[in-house]
There are 2 protein chains.
Amino acid sequence: MASPTPIKTSTLADSVFDQIRTAIVKGELPPGSKINEPQLSKQYGISRGPLREAIRRLEGCKLVDITPNIGANVVSLNLEQAIEIYEIRESLEGLACRLAAKQTNTQDCLKLRRLLSHHEQQIQSENGLLYYQKEGDLDFHYLIVRLSGNTRLFNLLCGELYHLLRLYRTQTSSGPSRPEIAFKQHHQIVDALESQDGELAELLMKRHISSAKKLLIKQFNQ
Amino acid sequence: MASPTPIKTSTLADSVFDQIRTAIVKGELPPGSKINEPQLSKQYGISRGPLREAIRRLEGCKLVDITPNIGANVVSLNLEQAIEIYEIRESLEGLACRLAAKQTNTQDCLKLRRLLSHHEQQIQSENGLLYYQKEGDLDFHYLIVRLSGNTRLFNLLCGELYHLLRLYRTQTSSGPSRPEIAFKQHHQIVDALESQDGELAELLMKRHISSAKKLLIKQFNQ
DNA sequence: TATCTCTATATTGTCAACAATAATATTGAT
DNA sequence: ATCAATATTATTGTTGACAATATAGAGATA
């Protein structure tokens with residue numbers, strides 16, 4: 001027999017954790033904003049028990065700060081903290097490239113190329129440009145980090161740090177908009193991966209992220 | 001007037017989170033072991049509510065895995081996962097050294113030297129050797145990461161990754177015992193920091209951790 | 001003896017009520 | 001009118017009870 005019933009799969013705390021995290025990352029719950037338990041529990045139609053569990057889990061993920069007897073707030077990053085994350089990213093994505101170069105086959109590289117050309121198509125239209133800035137760039141990085149084969153590295157970068165950076169961007173409403181340059185850099189990175197040159201790929205990726213970091217600082221100063 | 005009363009400072013969930021985390025890191029709650037809510041709530045003298053919040057926070061920190069309707073287990077690392085963490089450590093502590101080199105003053109270096117010589121004294125006795133293996137080595141790394149000035153880097157390494165690695169060690173009861181070699185490497189690193197040579201310090205630290213990683217693998221294979 | 005089913009027990013998930021603390025509004029005095 | 005003290009409200013912290021699910025055990029059958 002088939003399995004028609006979707007089988008109540010996860011717990012309320014889990015489901016609401018996902019929803020709140022998405023809301024935070026999307027900016028619906030802005031950085032610094034207060035997490036109001038009665039309100040959210042009403043909004044999601046659950047009691048405060050599992051809601052508090054979800055909030056505690058978010059605390060563990062460093063997406064909210066909890067002050068005893070006062071409550072939880074969505075974390076808010078200043079420039080300094082964003083830079084700290086960029087420094088970590090630079091190091092870790094460099095590592096990801098070095099690891100990825102050891103094991104990417106031609107098919108993986110093809111995938112990367114297709115991704116890039118798809119982005120280049122998207123970027124033609126105004127909408128596309130927005131799309132690229134907001135999401136497309138990350139796709140590329142996601143894929144490379146996944147190709148590194150290091151699962152924890154993937155979870156750390158794609159499951160935590162990217163979220164936090166997106167938080168900063170919604171805060172300052174500033175995205176790294178330098179598509180042409182980024183494109184060139186992206187292609188160079190794939191070139192290096194294709195020729196199995198891990199050291200070069202690492203170097204290029206570090207530069208790529210470092211230039212994004214510099215742009216961030218520049219945008220802040222004007 | 002002074003502030004004599006310690007003022008009930010934190011919540012039950014916070015306090016029990018600390019206690020459980022310590023128990024996990026110390027190995028009192030072994031990797032893979034089940035977290036039994038009724039038992040722990042009785043043991044800590046609290047109800048299941050705040051206990052579950054603490055567990056959820058541990059889940060966010062990736063120290064326990066929760067399966068719906070079944071419960072939480074202390075995470076358990078296999079060699080492959082330990083290696084993944086070492087790869088990340090190598091990259092991040094290299095970064096820490098590079099950053100630290102830019103801003104360590106003579107006093108910081110003095111502190112590092114004192115720490116090392118203190119370790120060398122401790123190591124004379126059998127007890128000392130144990131001490132060194134278990135804690136001393138980390139002191140050195142802690143201090144350097146703190147000198148990097150990158151707060152998030154510090155929290156990531158010293159507040160998460162080290163904990164996980166310690167978990168693996170309690171699991172396999174194998175510590176990286178190569179004090180003499182490590183000592184030499186440590187001193188070389190301080191030398192590099194002293195001469196403000198960030199690149200060299202980074203290189204040496206990466207090597208240092210890489211050799212620890214190789215030892216880990218070797219220990220596993222016999 | 002081994003395996004399966006059914007029952008009993010234990011554990012997890014959820015909720016609503018109460019207690020403690022913080023935030024807000026009100027009152028009164030200067 | 002402004003500030004301080006007080007009363008009121010809202011929010012957080014904690015608990016115990018109940019429901020749903022999973023685990024363990026006893027008994028029956030092959």
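So, B:K34 stands opposite B:N73 in strand β3 of chain B. Strands here are DSSP E runs of at least two residues and helices are H or I runs of at least four, numbered from the N terminus. β1(B) and β3(B), residues 71–74, pair in the antiparallel sense over 2 bridges, and two strands count as paired if DSSP finds at least two bridges between them. As a reminder, strands of a sheet pair through backbone hydrogen bonds, either parallel or antiparallel.

Before I go on, some housekeeping. This is a predicted model, where local features need pLDDT of at least 70 and side-chain atom pairs count only at pLDDT 80 or more, while totals for chains, interfaces and linings use all residues. Residues are numbered from 1 along each chain as its sequence is written, chains are lettered from A and ligands numbered from 1 in the order in which they are written, and side-chain values use heavy atoms, with hydrogens and water left out.

Okay, back to chain B. The sheet there is open, with 3 strands in the order β1-β3-β2 and antiparallel pairing. β1 and β2 (64–67) of chain B sit at the edges with a single partner strand each, so one side of each is left without a neighbour in the sheet. On the β2 side, β2(B) and β3(B) pair in the antiparallel sense over 4 bridges, and B:T67 stands opposite B:G71. These two strands make a hairpin with 3 residues between them, and B:N69 takes a positive phi near 70° there.

Now flip over to chain A. Its sheet is an open one of 3 strands, ordered β1-β3-β2, with antiparallel pairing. The edge strands are β1 (34–35) and β2 (64–67) of chain A, each pairing on one side only. β1(A) and β3(A) are antiparallel over 2 bridges, and A:K34 has A:N73 as its bridge partner. β2(A) is joined to β3(A), residues 71–74, by 4 bridges, again antiparallel. Two pairs to look for are A:D65 with A:N73 and A:T67 with A:G71. The hairpin of β2(A) and β3(A) has 3 residues between the strands, and A:N69 in the turn has a positive phi of about 70°.

Right, on to the DNA. Which residues come nearest to DNA strand D? They are A:K34, A:R48, A:R52, B:T11 and B:L12, out of 19 residues around the strand; a residue counts as near if one of its heavy atoms lies within 4 Å. Of the atoms of DNA strand D that come within 4 Å of the protein, sugar and phosphate account for 67%. A:K34, our sheet residue, has a side-chain N or O atom 2.9 Å from a phosphate oxygen of DNA strand D. That fits the polar contact cut-off, a pair of N or O atoms within 3.5 Å; within protein, one must be able to donate a hydrogen and the other to accept it, and residues adjacent in sequence count only if both atoms are side-chain atoms. A:R52 places a polar side-chain atom 2.8 Å from a phosphate oxygen of this strand, and B:S47 does so at 3.0 Å.

Both chains feed into that surface: β1, α2 (37–44) and α3 (48–60) of chain A, together with α1 (12–26) and α3 of chain B, each supply at least two residues. By class, the surface near DNA strand D has 9 nonpolar, 6 polar and 4 charged residues. For the classes, Ala, Val, Leu, Ile, Met, Phe, Trp, Tyr, Cys and Pro are nonpolar, Asp, Glu, Lys and Arg are charged, and the others, Gly among them, are polar.

DNA strand C next. It has 17 residues around it, and the closest are A:T11, A:L12, B:K34, B:R48 and B:R52. Here sugar and phosphate account for 72% of the DNA atoms that come within 4 Å of the protein. What does B:R48 reach on DNA strand C? A polar side-chain atom of B:R48 lies 2.8 Å from a base nitrogen. There are backbone contacts too: an N or O backbone atom of A:S47 lies 3.1 Å from a phosphate oxygen of DNA strand C, and one of B:E37 lies 3.3 Å from a phosphate oxygen. The surface near DNA strand C has 8 nonpolar, 5 polar and 4 charged residues. Among the elements supplying at least two residues each are α1 of chain A and β1 of chain B.
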